Amino acid sequence: MFCFFNEPLSRYLHCVLKVMAAGTALVYDDEMINHKLLWEDAACKIEVPERLSSCYGRLQHYNLIERCISVSAREGTESEIMQIHSMDYVEIVKSTENMEKEELQKVSAEYDAVYFHQTTYRCAKLAVGATLQLVDAVLSGKTRNGLTLIRPPGHHSQRSAANGFCIFNNVAIAAKYAQRKYGLQRILIVDWDVHHGQGIQYAFDDDPSVLYFSWHRFEHQKFWPWLSESNYDAVGQGKGRGFTINVPWNQVGMGNSDYLAAFLHVLLPIAFEFDPELVLISAGYDSGIGDPEGQMKATPECFSHLTHFLMNLANGKLCAVLEGGYHLRSLSESVCMTLKALLGDPLPPLSGEMMPCFSAKESIQNVRAAHKPYWKCLTYEDVTPVQDLSTVSCQAEEAEVTQSNVELLSPQEVGDISEVIKTDRFLEMHMKSILSLKPPIKTAAAVDESGLHLLPPTVYIPKGLDMKEFETTISAFDVKNMKEEALKSLLNILAVLNKIIKKEVINGLAISSTASLSSAIALAHCRNLKVQKVLCVFVGDMDMKIELEDDKVLFINICAKHSEQVNTKHNISLNWKEDPKTNNFFSATFGFILPVVYSYQPNLTIVIIGPNQNLGKNRISLLISLLQGLAESQILTVIQVTFWMEKNSPRNSL
């Protein structure tokens, strides 16, 4: 074993290995299935009880339920509901418990795309209570994060009105609840439903303690709810200016690359600057492929990547709350992928080309320009509004024809039933292709056994190293005069790397005294084992040149000093130094590094922490965590041990 370990390094290893509160909560009560439509209504008939039962059934199919901490739902109290809604409105909803069909239909007609059932009040209270139970579980430390499957949904409902299937605004109530019970001062709400959650926006329009982000089908105000305040220039009111972020989609067909771009270039830089204490997701999956409402193309694994990004905020405190989603297979698979991300499972590669469409770029540019006055991460960037050149497009024109003056349409109104079957068949094959069995052991670490008590119990330590096993790789390098301990560290690195490449473990950690040589040898070993595409991120100053072979390696060096090496497409030197005015870690990471590496789509990631790095442990840990979204989370981290030693240590080198 590599026999050097010290207390400062052990604390860093904890950071790298993301030692956090354990467990993911799942809140579900099948009583919420009872809320149903009793009459014919073209606008409402796709909000069906099967939305819940299909999700729960799919979770059972993937054996995910037993991996979660089950949290019981409860009824939300009237006082909790009235944190957002008026007493008069609550009384109207309550009165529907004793109504006959004709009365229910009459009350429903007073609102836009809403229906009431005798069980609606009870189900809506359960939806609120289930959401608050999840908030309690996460903020009390019982679980790390969680998901609640509820209906009726909530993000459209307003203070005195039901709207768009939504009765009580579950997520808005949860934010108020978290503020009052736990004293939170910064809450992020991410609404990835395909419709604008205007109810949430109205609730916090002038509140700087809640940052609300929504992307939604807009089509220049020709899509429901046809509001000017759904556009990119609606940024909040009064003290809340800058704390409402609307990304309007002006054509259908938005996919994985468009959603990723909106996160990387809009939401994440602002969210990390905001630094929330809790993340709430209004998780609507009508933004997914095959949905008759959204007509978008995001595949289920996209939602696992979005979830993974958000898990790096608020110390991982995240609550996902179901909203829309009307293609049952697309909905249920996307819910499963969200939960798998919350559980910490490896992420499947994000399918498709990572190039956002022209219309998405326009929307993103306009949002960034609108928020430039309010956020440091945008202040010094050259972002100005652009003309909406994609206003007239075949997709937009088709959408205008197929959309009527209601929010929700049946599959028959947006296409033939064969389209639904076609999506089902696609998802059947697609999910089989992206999901693979994960190894029973998550992490392998090459560190001193005396420090094992400092690491999580699931960490595997490779033993019994043999020089002959790696002779082909080592022989290409001059290691004859290397000290024994340094040579051992190189063998440890290769041993851990072998475990990852052979998929015996998911990721790994190793210590080295020679970071530059370690990276060269690790890349040579990948080449010998015919790994197709390797991402290598070297943080610190390189002291040797690494020969790269065409596009099999993407090498990014984040260095403090200027590199003499000429940048190429696959060999990038990022001379980075913190400047609070013109540059910061988040703008470099979200604006450059992540877009580049997601476009590359590696099969394996190697991160080397070398000498003279200027990111610091917390930023390096965050960078590693963000990179775990790539290559099915297969990532090797190598740390040059001498950097982490005290300067006065008698053993500051090997």
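Which residues in helix 9 meet helix 12, and which residues in helix 12 do they meet? In this predicted model, D258, A261, A262, H265, V266 and I270 are the residues of helix 9 that take part, and they meet A360, I364, V367, R368 and H371 in helix 12. The points below begin with this pair of helices and then turn to the sheet, the cavities, some backbone details and a contact made by F477.

**Helix 9 and helix 12**

- Two packed helices are described by the angle between their axes and the distance between the axes.
- For helix 9, which covers residues 256–274, and helix 12, which covers residues 358–371, the axes come within 10 Å and cross at roughly 10°.
- Because angles under 35 degrees count as roughly parallel, helix 9 is described as roughly parallel to helix 12.
- Sorted by class, the residues in the contact of helix 9 with helix 12 are 7 nonpolar, 2 polar and 2 charged.

**The sheet**

- The model contains an open sheet of 8 strands, arranged in the order 2-1-3-8-7-4-5-6, and the pairing between them is parallel.
- At the edges stand strand 2 (69–71) and strand 6 (244–249), each of which has a single partner strand, so one side of each is left without a neighbour in the sheet.
- From one strand to the next, the twist averages 15°.
- Strand 5, made of residues 210–217, runs parallel to strand 6 and is joined to strand 6 by 6 bridges; among the residues involved, H216 has P248 in strand 6 as its bridge partner.
- Helix 6 (residues 120–139) packs on the sheet, where it touches strand 1 (24–28), strand 2, strand 3 (145–149), strand 7 (278–283) and strand 8 (318–322).
- The direction of helix 6 makes about 170° with that of strand 3.

**Cavities**

- The model has 3 cavities of 30 Å³ or more, and the largest cavity has a volume of about 60 Å³.
- Lining the largest cavity are L523, C526, R527, V531, V534, E549, K552 and V553, which by class are 5 nonpolar, no polar and 3 charged residues.
- Helix 19, which spans residues 515–528, gives the most to this lining, with 3 residues.

**Backbone details**

- Most residues other than glycine have a negative phi, and most peptide bonds are trans.
- The peptide bond from R151 to P152 is cis, with omega near 0°, and P152 is found in the loop between strand 3 and helix 7 (170–182).
- A cis peptide bond also runs from W224 to P225, with omega near 5°, and P225 belongs to the loop between strand 5 and strand 6.
- E219 is placed in the loop between strand 5 and strand 6, and its phi is near 50°, a positive value in a residue other than glycine.

**F477 and its contacts**

- F477 is placed in the loop between helix 17 (471–474) and helix 18 (484–501).
- Leaving aside residues up to four places away in sequence, F477 touches L517, A520, I521 and A524.
- Although F477 and L517 are 40 residues apart along the chain, their C-alpha atoms are separated by 8.7 Å.

Technical notes. Residues are numbered from 1 along each chain as its sequence is written. This is a predicted model: local features need pLDDT of at least 70, side-chain atom pairs count only at pLDDT 80 or more; totals for chains, interfaces and linings use all residues. Side-chain values use heavy atoms; hydrogens and water are left out. Axes are lines fitted to C-alpha atoms, for helices over the stretch in contact, and angles run from 0 to 180 degrees between N-to-C directions. Helices (H or I, at least four residues) and strands (E, at least two) are DSSP runs, numbered from the N terminus. Angles under 35 degrees count as roughly parallel, over 145 as roughly antiparallel, 65 to 115 as roughly perpendicular and the rest as oblique. Contact means heavy atoms within 4.5 Å. Ala, Val, Leu, Ile, Met, Phe, Trp, Tyr, Cys and Pro count as nonpolar, Asp, Glu, Lys and Arg as charged, and the others, Gly among them, as polar. Two strands pair if DSSP finds at least two bridges between them. On a 1 Å grid over the protein atoms alone, a cavity is a set of points where a 1.4 Å probe fits but cannot get out, and a pocket is an open set with protein on both sides within 12 Å along at least five of seven lines; lining residues have an atom within 4 Å of a point. Grid points are joined across faces, edges and corners, and a volume is the space filled by probe spheres set on the points.
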